[in-house]
Amino acid sequence: MNYYTILLADDEEEVIQAIMKKINWEELGFSVIGYAGNGVKALEMVEEFQPDVVMTDIRMPYMDGMELSSRIKADFPATKILLFTGFDEFEYAKEAVHLEIEEYILKPIHAAELSGIFTQLKRKLDQEINEKRNVGVLQKYYLESLELLQADFCTGLIEGRIHEEEIPKFLSDYRLDFPGPLFCCLVIHTSSCQVPEDINPVLLATSVQKHAKEHLAEKWRAKCFSYLGNTILIAQIRDENEMSDLTDECDRFCKYACRIIGASVTVGIGQACSGILELAQSYSSAREAVSYRVIYGSSRAINMKEIVPKTKSRPGAENDVELSNLFKMIRLGSQEEVEEAVDKYLDYTSFPAKSLQQHHIDIMELMIALFRFSANHDIESEEFSGDIRNLYTSLLDLEPDALRRWLLDSSLDFREKLIHARNKSTKSFVSKAVEYVHNNYADEGLSLDSVCEVLGVSNSYFSTIFKKETGSSFISYLTDYRMDRASSLLIETNEKSYMVAKKVGYTDANYFSYVFKRRFGLSPSKYRTEHAESGS
């Protein structure tokens, strides 16, 4: 006979001994596996033996009965707890209803009362075990778990971890039927980037799986389950000729998913196989087919058998030309010209029957070129300042439209940063030119040539930028500044006109007078007289 196990916990040895001796435990269906003198020791024994029942006092050293009960319920919720205590602690113990204590027993403990309690407790334990072992209940649990069991078996098939000798038992236990005679694995990928607004990508993928079951599972006698974020279907076909029908059906489903639920779905169709043990190879080819969405685009079915990449790719030199043109447009072109250059580059790299390996090479070359361009032009970009491997991995998974958007956004961002840098640079050297004029206007040799030599720029470029920023030519600005300084000297000092002329950079006093009169409409002497009179 199997007995329910019980552990006793009390810091009074005589109480423990009395309980053990006064009760015929075997007759009640219980067996005392031991006792502990404090809560810490009791918890250690619970963890080691996992008794069915723990009977504990409230007051104990190191850990009281209330804390012990709480710890037991947290880690061993099936364990029943009986709490015995003195009368003055009874109300305190009753407050701990959240601990689900089976019974509160007041000291002193009476053998008859305790026997009655354990008799009722045994009935309860027997009932719980019978319910757990009931065939009907087990059958219910089995049916509830059947779909998960089937999915686990199918997962094992595509992972290649099911052995041939295990198959008959699994098929029988999990109520599966694979008559075939041919099988094909489908990988249904739902894009997490192209998602309708306010829709959770996980919920969208779940919806796609539901619709896939409705539209594909019955006709193709397919087993449907989730694996690594995708929906997997193990389809059964009668002969190889049905593969084209299956591909067309999957392609229609992709269009349906896009139209009805707004999902961007790609179905990868693996190679047909003659036995379910070969489904690992079919799954591998279906997964590879899905990867080709970065070349062929999403919202379509891609049959791996129909993909025949060319062994030779286009010459790299022509590819470099398109990329060089793109960088030229980033530096000098308009937004429209940058967009056109992006399209030309992508049109060139997206040639027919391109292999996935060649696509990966193209992405790597593009990324390295962009990194180099940003470094050479001192462009600060968070995306191009991190780990190159992370960026490369993310780019490999982008579908054509998404890759175009990324490249266009990056190119336009580069263009804006270069424009900003140029504007900042031009403003900087215009400010330097103005400052140089203010400090050297008295130098009769100050000219456009001398300023450009100091700044290290060409005359034509400087003249264009200076006029754009100030609204006047450099010579006009220099002349106006000299005349303004001259007018101040005439009013504020008694210097002769020829001395004023020399102080503002003119060695020829007559020419100075001519320029001054052209600016203010008066000769230097009359200008001084008029301002002196107005001042007085």
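**Exercise 1. The surroundings of Trp-406**

Which residues is Trp-406 in contact with, leaving aside its neighbours within four places in sequence? Work this out in the predicted model, and then place Trp-406 in its core.

*Solution.* Step one is to list the partners: with neighbours within four places in sequence left aside, Trp-406 is in contact with Leu-366, Leu-370, Glu-383, Phe-384, Leu-391, Leu-395 and Leu-398. Step two is to turn to the largest nonpolar core, which has 31 residues, and in which Leu-370, Trp-406 and Leu-407 are those with the most contacts inside it. Step three is to ask where this core comes from: helix 13 (316-332), helix 14 (335-349), helix 15 (356-376), helix 16 (388-396) and helix 17 (400-440) each supply at least two of its residues, and the largest share, 8 residues, comes from helix 17. Apart from this core lies another, of 27 residues, with Ala-212, Trp-220, Cys-254 and Tyr-256 among them.

**Exercise 2. A serine in helix 17**

Decide whether Ser-411 is buried or exposed, and describe what its side chain reaches.

*Solution.* Begin with the position of Ser-411, which lies in helix 17. Its relative accessible area is 0%, and because buried means under 20%, Ser-411 counts as buried. Next, follow the side chain of Ser-411, which reaches the backbone oxygen of Leu-407 at 2.8 Å. Finally, leaving aside neighbours within four places in sequence, Ser-411 is in contact with Leu-326, Ile-330, Val-338 and Val-342.

**Exercise 3. Strand 9 and its partners**

Explain why strand 9 (residues 265-269) is described as largely enclosed by the rest of the structure, and find the strands with which it pairs.

*Solution.* First consider burial: 5 of the 5 residues of strand 9 are buried, and therefore the strand is largely enclosed by the rest of the structure. Both faces are covered, with Val-265, Val-267 and Ile-269 buried on one side and Thr-266 and Gly-268 buried on the other. Then look at the pairing, where strand 6 (residues 182-190) runs antiparallel to strand 9 and is joined to it by 5 bridges; within this pairing, Gly-268 is the bridge partner of Val-187. With strand 10 (residues 300-303), strand 9 pairs in the parallel sense over 4 bridges, and here Ile-269 stands opposite Asn-303. As a last step, take Thr-190, which lies in strand 6 and counts as buried at 14% relative accessibility. Not counting residues up to four places away in sequence, Thr-190 touches Leu-204, Ala-205, Val-208, Ala-263, Ser-264 and Val-265.

**Exercise 4. The two sides of helix 1**

Determine how the buried residues of helix 1 (residues 13-22) are arranged about its axis.

*Solution.* The buried residues to consider in helix 1 are Val-15, Ile-16 and Ile-19. Seen down the axis of helix 1, its buried residues fall within an arc of 100 degrees, so they line one face of the helix. A general rule helps here: an α-helix has 3.6 residues a turn, so residues three or four places apart point the same way. The face of helix 1 turned away from the buried side carries the exposed residues Glu-14, Lys-21 and Lys-22.

**Exercise 5. Asp-484 and Phe-520**

How many residues apart in sequence are Asp-484 and Phe-520, and what is their C-alpha to C-alpha separation in space?

*Solution.* Asp-484 is found in helix 20 (residues 474-492) and counts as partly exposed at 33% relative accessibility. Asp-484 and Phe-520 are 36 residues apart in sequence, and 9.8 Å apart in space, C-alpha to C-alpha. Not counting residues up to four places away in sequence, Asp-484 touches Arg-519 and Phe-520.

Notes. Residues numbered from 1 in each chain as written. Predicted model: local features only at pLDDT ≥ 70, side-chain atom pairs only at ≥ 80, totals over all residues. Heavy atoms only, no water. Core = buried A, V, L, I, M, F, W, Y, C linked by side-chain atoms within 4.5 Å. Buried < 20%, exposed > 50% of the residue type's maximum accessible area, 1.4 Å probe, protein only. Contact = heavy atoms within 4.5 Å. Polar contact = N/O pair within 3.5 Å; in protein donor to acceptor, adjacent residues only side chain to side chain. Pairing = 2+ DSSP bridges. Arc of directions from axis to C-beta.
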